[in-house]
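I opened this notebook to keep track of what I looked up, entry by entry, with each lookup written down as it was made.

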Amino acid sequence: MSPEKEWIAYVNGEYVPQSEAKVSIFDHGFLYGDGVFDTWCTWNGYVFHLDRHIDRLYRSIHAFQMDMPLTKAQFRKVVIKVVETNGAKNQYLKAIVSRGVGPRPLLSPIGCKTTVVVFSRPYLRLVEPGQEDKMIKAKITSLRRTPAQCLDPKAKNLNYANLVLAKIEAMNAGADEAILLDIEGFVNEAPGYNVFAYRDGALFTPLAENILLGVTRDTVFEIAEKEGIPTRAERLIPYDLYTADEVFLCSTAGGIVPVGEIDGRKIGDGKAGPIAKKINQRYLEMLEKGVHGTKYRTKE
Ligand code: PLP
């Protein structure tokens, strides 16, 4: 990437080349994971569900009792400026809002000045168009998802160590991805994904009680409704995944990712199933056509 083409980031009121974008080592996001974030994707020059992600980010900020220096309207302009300056049609966009830097003592949240960062990168698709048969292997990890009584996953917060360590456990066992159970043993979510299972003609997904409420999860509901596929949010146990006809993960960053194997058991016939394929196809069409999208000026 030549310097004049270097992508920019927004850091506390300034737009700077990403190589010069810096936050303090005393930032509470870095020191304590004390902050929140959100992730969007842009596709074909549209930001998908721009305002929905902004609303979720502002709910996370509110849950963390942080002062946000920007109104939603101001923040929206920042996001658009970042994606327009970076210019690509397909981008992965991330905003981080941390408690920032405060006076001593270090841990105290009092007097901290909120840090706001927005950046984007070229979008990397896990499942490229044409690769819809690609399957991943998952492991249900011994590590359980942090319960809402300790830190509610609905606030999309910087404490991802729980998820990262689960992913490492899964990878150590030869799997690609982790699926975590909650503290009671019910299926919860994956590092960066919500989980769906298809069985007996219906799509099942864990209840909205102890998970991040994914925008893609809602999009799957929306597509399923249009396709006449019944959906049910309920408590699921590992058996429900092992015996499902299909299992897939979904997220903004990864799209719809079919799971072919869990804990060494084939899911269905071990191949990407027709329901995951159909939902993926509809999802890609929505992104391509700008359904729920906010148009921005691209340089491509
Ligand atoms: N669950 C977790 C823990 C996540 O981090 C994410 C996305 O980053 C998701 C689920 C999926 O959410 P979304 O569809 O809004 O990207």
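In which strand does F204 lie? I found F204 in strand β10, which spans residues 202-205; the model I am reading is a predicted one, and I keep that in mind throughout.

**Entry on F204.** I next looked up whether F204 is buried or exposed. F204 counts as buried because its relative accessibility is 6%, and the cut-off for a buried residue is under 20%. Leaving aside residues up to four places away in sequence, I noted that F204 touches V195, F196, A197 and R199, and also R232, E234 and L236. I also looked up D240, whose C-alpha lies 9.2 Å from that of F204, although the two residues are 36 apart in sequence.

**Entry on the ligand.** Which residues come nearest to the ligand? I counted 17 residues around the ligand, and of these K156, Y160, E189, T216 and T252 come nearest. I then went through the polar contacts, and for E189 I found a polar side-chain atom 2.7 Å from a nitrogen atom of the ligand. For R56 I noted a polar side-chain atom at 2.8 Å from an oxygen atom of the ligand, whereas for V215 the polar atom belongs to the backbone and lies 2.8 Å from a ligand oxygen. On its own the ligand has 380 Å² of accessible area, and the protein covers 95% of that area.

**Entry on the cysteines.** How many disulfides does a search of the whole structure find? The search gave me 0 disulfides. I looked up C41, which is in no disulfide, and wrote down that its nearest cysteine sulfur is that of C250, 12 Å away. Because two cysteine sulfur atoms must lie within 2.5 Å to count as a disulfide, the 12 Å between C41 and C250 rules this pair out. C250 is likewise in no disulfide, with the sulfur of C41 as its nearest cysteine sulfur. I checked accessibility for both residues: C41 counts as buried at 1%, and C250 counts as buried at 2%.

**Entry on strands β1, β5 and β6.** I followed strand β6, residues 113-122, to its partners, and found that strand β1, residues 8-11, pairs with β6 in the antiparallel sense over 3 bridges. Within that pairing I noted V117 of β6 as the bridge partner of V11. Strand β5, residues 91-101, also pairs with β6 in the antiparallel sense, here over 9 bridges, and I recorded that L93 stands opposite S120 in β6.

**Entry on Q18.** From S120 I moved to Q18, since S120 is among the residues that Q18 touches. Q18 sits in the loop between β2 (14-17) and α1 (28-32). Other contacts of Q18, not counting residues up to four places away in sequence, include E6, W7, I8, A9, N86, F119 and R121. With a relative accessible area of 17%, Q18 is buried, because the cut-off is under 20%.

**Entry on D34.** Where is D34 placed? I located D34 in the loop between α1 and β3, the latter covering residues 35-43. D34 is buried as well, at a relative accessible area of 14%. Beyond residues up to four places away in sequence, I listed the contacts of D34 as H28, G29, F64, M66, S98, R99 and L158.

Conventions. Residues are numbered from 1 along each chain as its sequence is written. This is a predicted model: local features need pLDDT of at least 70, side-chain atom pairs count only at pLDDT 80 or more; totals for chains, interfaces and linings use all residues. Side-chain values use heavy atoms; hydrogens and water are left out. Helices (H or I, at least four residues) and strands (E, at least two) are DSSP runs, numbered from the N terminus. Buried means under 20% relative accessible area, exposed over 50%, partly exposed in between (1.4 Å probe, protein chains only). Contact means heavy atoms within 4.5 Å. Two strands pair if DSSP finds at least two bridges between them. A residue is near a molecule or strand if one of its heavy atoms lies within 4 Å of it. A polar contact is a pair of N or O atoms within 3.5 Å; within protein, one must be able to donate a hydrogen and the other to accept it, and residues adjacent in sequence count only if both atoms are side-chain atoms. Accessible areas come from the Shrake-Rupley method with a 1.4 Å probe; for residues, only the protein chains shown count as cover.
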